[in-house]
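Got your viewer open? Here is a tour, one selection at a time.

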Amino acid sequence: MRLSDKIRNHSARVAVIGQGYVGLPLAIEFAKVGFPVTGIDLDEEKVAALNKGESYIPDVESRTVRHLIEDGRYRATNDMSVLAESEAIIICVPTPLRKSKDPDISFVMASSNEAKKHLHPGVLVILESTTYPGTTKEVLLPMFEESGLKVGRDFFLAFSPERIDPGNVQFKVKDIPKVVGGITSECSWMAALLYGQIVSRVHEVSSPTVAELAKLYENTFRSVNIALANEFALMCRHLDTSVWEVIDAAATKPFGFMPFSPGPGIGGHCIPIDPIYLSWKLRLTGYEARFIALADDINRSMPRYVTELLIDGLNNRGKCLKGANILVLGVAYKRGVGDVRESPAIDVITEMQRKGAKVCYADPFVPSLAHEGLDVQRVEVNAEVLRKCDAAIILTDHREFDYHTIIQQADLIIDARNATRGMTIPENKVIRL
Ligand SMILES: NC(=O)c1ccc[n+]([C@@H]2O[C@H](COP(=O)([O-])OP(=O)(O)OC[C@H]3O[C@@H](n4cnc5c(N)ncnc54)[C@H](O)[C@@H]3O)[C@@H](O)[C@H]2O)c1
């Protein structure tokens, strides 16, 4: 049976390499509609947990994983040899930055090498990891064609960016349109056919490079607009005006304006990193991506700015940061998730500790920060903890925090997220961005 027929009747064997925030929800979505799916991950603990039906991704329920395993539609493994019998291979591995801020595509290379070893006629390979423009065509294609197979005829190769927003209950994998760009039109068509089985809309573009760039444009758009909101916060402080009131007022315009919020900085695996992939690639062509550099600069300055607000607040009370007890409320990079990758809280905590503060944190989703190299105690928020601290600093506006108690009990609150908006607050108690 041809691959297209197997895709249409959901019998094509799908392998998803990388079972993290992106790969696991995707694998589960294919399994849910009936495809036999193997989730591949090098992390043995993740594989063992998944095969026991335990999900570590809040967007994927453990009982769904259990049900799919029992039905024989999903299993996890670290054995790459399953790629030999897979008919669609989707790569969802990390694409971080090196310390030098150059793209690190070593995970993509390692998993693509495995796909290459097991490449066989008729297979469809799709890269989903966010990466710099040209990766699919300039790096993956030559690697796969070394096998002697010809793209578009013997195998299919495409790029399709993942646009999932972890923790977003309104838009999950199946609700988000897929952009697909194949090396040839046959590749695009085959990849679009596959995604069409799990999402309601697939948007085909003329090349993988367009698809790679579309993803980078989306995340650069966010980075730049967040930076603008952050700079507005800095400007409003100079003008002794509330940035939040300004944004609320501007947001009443029903067209031509989209509100973004200032905050303590940007985090997660995407917004701080993806635009740098693009500027790196452009630098190779002699072009300096100015918006990206400026946005990155402003966003990365915010943790220090938040620390300065804290120092000012303590100073007004005749205290200094050295030796002060500071409670950090929320360390995840955004509300409702436990992901601390690139979280601005790491920078704020590091800066406060460097200046001699005694820091503890509370976050319902983050059990420890030890793996981030931080020595900071986790506490439960209660009246006593709040009363004992010299200041509480809200870095992530988790819904689980009781902001009324926080306001009642803490002496000083730095609210970097406007989590206390609309609440009655004694004068000089809360400093907002
Ligand atoms: N997290 C997000 O919100 C998000 C959204 C859209 C796109 N993306 C992009 O998707 C990609 C994956 O991100 P993520 O957040 O899912 O990462 P993640 O770290 O949560 O998951 C990646 C998984 O890949 C595994 N892995 C690494 N190398 C491997 C290899 N060679 N073979 C098999 N498994 C391997 C890791 O063990 C890990 O479990 C990145 O390019 C990211 O930029 C992420």
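**Stop one: the ligand**

Select D41 and the ligand: a polar atom in the D41 side chain sits 2.6 Å from an oxygen atom of the ligand. Keep in mind as you go that this is a predicted model. Now add T95, where a side-chain N or O atom is also placed 2.6 Å from a ligand oxygen atom. V93 joins in with its backbone: one of its backbone N or O atoms is 3.4 Å from an oxygen atom of the ligand. How much of the ligand's accessible area does the protein cover? On its own the ligand has 830 Å² of accessible area, and the protein covers 92% of that.

Next, show everything around the ligand. You should have 27 residues, and the ones that come nearest are V22, D41, K46, T95 and T130. Colour helix 5 (residues 106-117) as well, since it gives the largest share of this shell, three residues.

**Stop two: helix 10**

Move along to residues 274-284, which form helix 10. Its buried residues are D274, P275, I276, Y277, L278, S279 and K281. Select helix 6 (135-145), helix 8 (208-238) and helix 11 to see some of what covers them. After helix 10 comes G286, with a positive phi near 90 degrees.

**Stop three: S343 and helix 12**

Pick S343 in the loop between strand 9 and helix 12. Is S343 buried or exposed? It counts as buried because its relative accessibility is 1%. Display its contacts beyond four places in sequence and you'll find G267, V331, A332 and Y333. Zoom in on V331: its backbone oxygen lies 2.6 Å from a polar atom in the S343 side chain.

Carry on into helix 12, residues 344-354. Here P344, A345, I346, V348, I349, E351 and M352 are buried. Which elements do these buried residues pack against? Select helix 11 (290-316), strand 9, strand 10 (358-362) and strand 12 to see them. Following helix 12 is G356, whose phi is positive too, near 95 degrees.

**Stop four: strand 12 and its partners**

Now select strand 12, residues 391-394. In a regular strand, side chains alternate between the two faces of the sheet. Here A391 and I393 are on one side, A392 and I394 are on the other, and all four are buried, so both faces of strand 12 are covered.

Bring up strand 9 (residues 325-329), which runs parallel to strand 12 and is joined to it by four bridges. To find your place in this pairing, look for I326 opposite A391. Then add strand 13 (residues 413-415), which pairs with strand 12 in the parallel sense over three bridges. In that pairing, I393 has I414 as its bridge partner. Trace the chain from strand 12 through helix 14 (residues 403-409) to strand 13, and you have followed a right-handed β-α-β crossover.

**Last stop: Q409**

Stay in helix 14 and select Q409. Q409 is partly exposed, at 23% relative accessible area. Leaving out neighbours within four places in sequence, Q409 touches A383, L386, R387 and K429. Finally, zoom out and select L3: its C-alpha atom is 63 Å from that of Q409, and the two residues are 406 residues apart along the chain.

Technical notes:
Residues numbered from 1 in each chain as written. Predicted model: local features only at pLDDT ≥ 70, side-chain atom pairs only at ≥ 80, totals over all residues. Heavy atoms only, no water. Buried < 20%, exposed > 50% of the residue type's maximum accessible area, 1.4 Å probe, protein only. Helix = DSSP H or I, 4+ residues; strand = E, 2+ residues; numbered from the N terminus. Pairing = 2+ DSSP bridges. Right-handed = clockwise from strand over helix to strand, strands pointing away. Contact = heavy atoms within 4.5 Å. Near = heavy atom within 4 Å. Polar contact = N/O pair within 3.5 Å; in protein donor to acceptor, adjacent residues only side chain to side chain. Areas by Shrake-Rupley, 256 points an atom, 1.4 Å probe, with all protein chains shown as cover.
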